[in-house]
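Reader: I am new to reading structures. Can we go through the terms one by one?

Author: Yes. Ask about each label, and we will check what stands behind it.

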Amino acid sequence: MAERLLWASTMSSGEKTRGMGAMGTLVGQLGELLSRAVMPPPPRVCGAPGGPPVTAPRVRLSDGRHLAYEESGVPKEAARYKIVFSHGFTGSRLDSLRASPEVAEELGVYMVAFDRAGYGESDPNPNRTVKSAALDMAELADALGLGDKFYVVGVSLGSHAVWGALRYIPERIAGAAMMAPVVNYWWPGFPAEDAAAAYGRQSYGDQWALRVSHHAPAILHWWMDQSWLPTSTVVDNTTFLPNKRDADIRRTLTADGTLQKKKEMATQQGINESYYRDMTVMFGKWEFDPMALPEPPCPVHIWQGDEDGLVPVALQRHVAGKLGWVSYHELPGTGHFLSAVPGLGDTVLRTLFG
């Protein structure tokens with residue numbers, strides 16, 4: 001070591017400068033190689049050269065992006081109640097509450113579902129956040145002329161947009177419903193031991209996928225692309241589902257090709273801007289804790305199955321218990337796929353508007 005220090009001390013300033021420059025160049029080149037390795041491919045934007053075609057109606061947002069949407073229920077001009085619907089992970093604008101047309105007609109309900117940013121035919125948003133998801137709903141409502149106030153419904157992971165709406169645009173929300181809303185294990189309001197226990201009950205691959213989503217979101221695409229690394233069973237549709245209805249539904253939809261078609265539609269612009277962006281937004285670092293929200297000026301409902309294999313019911317109970325203004329509806333013997341529960345869509349509408 002002394003010899004090395006002596007050698008360095010005898011170097012001329014020019015030699016030292018050249019050595020530092022060479023090392024800097026090497027580090028820069030190495031960094032560039034690593035960046036290229038983890039950088040996802042650019043999205044294939046709908047309507048752009050080489051991208052999928054635009055087939056759905058779309059609105060243009062203030063930042064230039066487009067949101068694709070699907071309307072259902074009664075015409076909005078005749079509607080008494082207007083809902084903006086936020087689909088879940090792997091979903092699309094074609095998802096809904098599956099309420100009966102008769103009940104929608106009776107109550108006068110109009111609903112618009114939309115492809116969340118990067119899904120289906122909605123443009124990607126590389127800066128997507130919980131806040132931007134909420135503001136997208138507000139801009140969609142304004143573009144369609146839904147009025148000063150509207151209702152919001154979120155399913156599963158898509159409920160982060162509803163939490164965002166309650167935080168950032170509560171004055172626009174007439175009422176909110178969340179169906180089996182996914183939780184973030186890092187929300188400060190959870191007791192650390194309870195969150196850790198629920199987190200540890202996930203598969204090893206899911207634990208790692210969420211850990212990377214939270215702590216190192218920039219490398220998530222690379223991580224998920226490595227077959228030798230533990231990865232998400234949710235993305236692979238192999239998560240253990242303790243509820244029989246859930247397991248039967250997944251088995252049927254896998255066998256008839258429906259799940260594959262849904263995936264192809266959801267990820268047609270790229271899996272990074274749809275699935276993986278969802279994961280980094282949902283399980284990343286939020287700007288607020290839902291359990292610290294003040295009471296909003298509207299009713300809020302949560303529906304949760306007690307046999308949900310994707311959302312820990314114990315943590316959902318804690319969320320509802322911390323927020324005295326949330327009406328919590330726990331469904332016994334029920335799993336995660338609440339839209340498939342017979343009559344539940346009608347119940348949600350009657351509860352919101354009854």
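Reader: In which helix is Thr-254 found?

Author: Thr-254 lies in helix H10, which covers residues 244-255. Keep in mind that this model is predicted.

Reader: Why does Thr-254 count as partly exposed?

Author: Its relative accessibility is 49%. Buried means under 20%, and exposed means over 50%. Thr-254, at 49%, falls in between, so it counts as partly exposed.

Reader: How far apart are Thr-254 and Asn-237 in sequence and in space?

Author: In sequence, 17 residues separate Thr-254 and Asn-237. In space, their C-alpha atoms are 9.0 Å apart.

Reader: Why are H4 and H5 called roughly perpendicular?

Author: Helix H4 spans residues 130-143, and helix H5 spans residues 160-168. They pack at an angle of about 85°. Angles of 65 to 115 degrees count as roughly perpendicular. The angle of H4 with H5 is in that range, so the label fits.

Reader: What describes two packed helices besides the angle between their axes?

Author: The distance between the axes is also used. For H4 and H5, the axes are 8 Å apart.

Reader: Which residues of H4 and H5 meet?

Author: From H4 come Val-130, Lys-131, Ala-133, Ala-134 and Met-137. From H5 come His-160, Ala-161, Val-162, Gly-164, Ala-165 and Tyr-168. By class, this contact has eight nonpolar, two polar and one charged residues.

Reader: What makes H12 largely enclosed by the rest of the structure?

Author: Count its buried residues. Helix H12 covers residues 272-283, and 12 of its 12 residues are buried. Each is thus under the 20% cut-off, so H12 is largely enclosed by the rest of the structure. Among the buried residues are Arg-277, Asp-278 and Phe-283.

Reader: What covers the buried residues of H12?

Author: The cover includes H4 and H5. It also includes helices H7, H8, H9 and H11.

Reader: How many helices and strands does the protein have, and what share of its residues is buried?

Author: The protein has 14 helices and eight strands. Buried residues make up 49% of its 354 residues.

Reader: What is the mean pLDDT, and where does pLDDT stay under 50?

Author: The mean pLDDT is 92, and 90% of the residues reach 70 or more. Over residues 1-11, pLDDT stays under 50. The value also stays under 50 over residues 15-20. Where pLDDT is low, the predicted coordinates should not be read in detail.

Definitions and conventions: Residues are numbered from 1 along each chain as its sequence is written. This is a predicted model: local features need pLDDT of at least 70, side-chain atom pairs count only at pLDDT 80 or more; totals for chains, interfaces and linings use all residues. Side-chain values use heavy atoms; hydrogens and water are left out. Helices (H or I, at least four residues) and strands (E, at least two) are DSSP runs, numbered from the N terminus. Buried means under 20% relative accessible area, exposed over 50%, partly exposed in between (1.4 Å probe, protein chains only). pLDDT is the predictor's confidence in each residue, from 0 to 100. Contact means heavy atoms within 4.5 Å. Axes are lines fitted to C-alpha atoms, for helices over the stretch in contact, and angles run from 0 to 180 degrees between N-to-C directions. Angles under 35 degrees count as roughly parallel, over 145 as roughly antiparallel, 65 to 115 as roughly perpendicular and the rest as oblique. Ala, Val, Leu, Ile, Met, Phe, Trp, Tyr, Cys and Pro count as nonpolar, Asp, Glu, Lys and Arg as charged, and the others, Gly among them, as polar.
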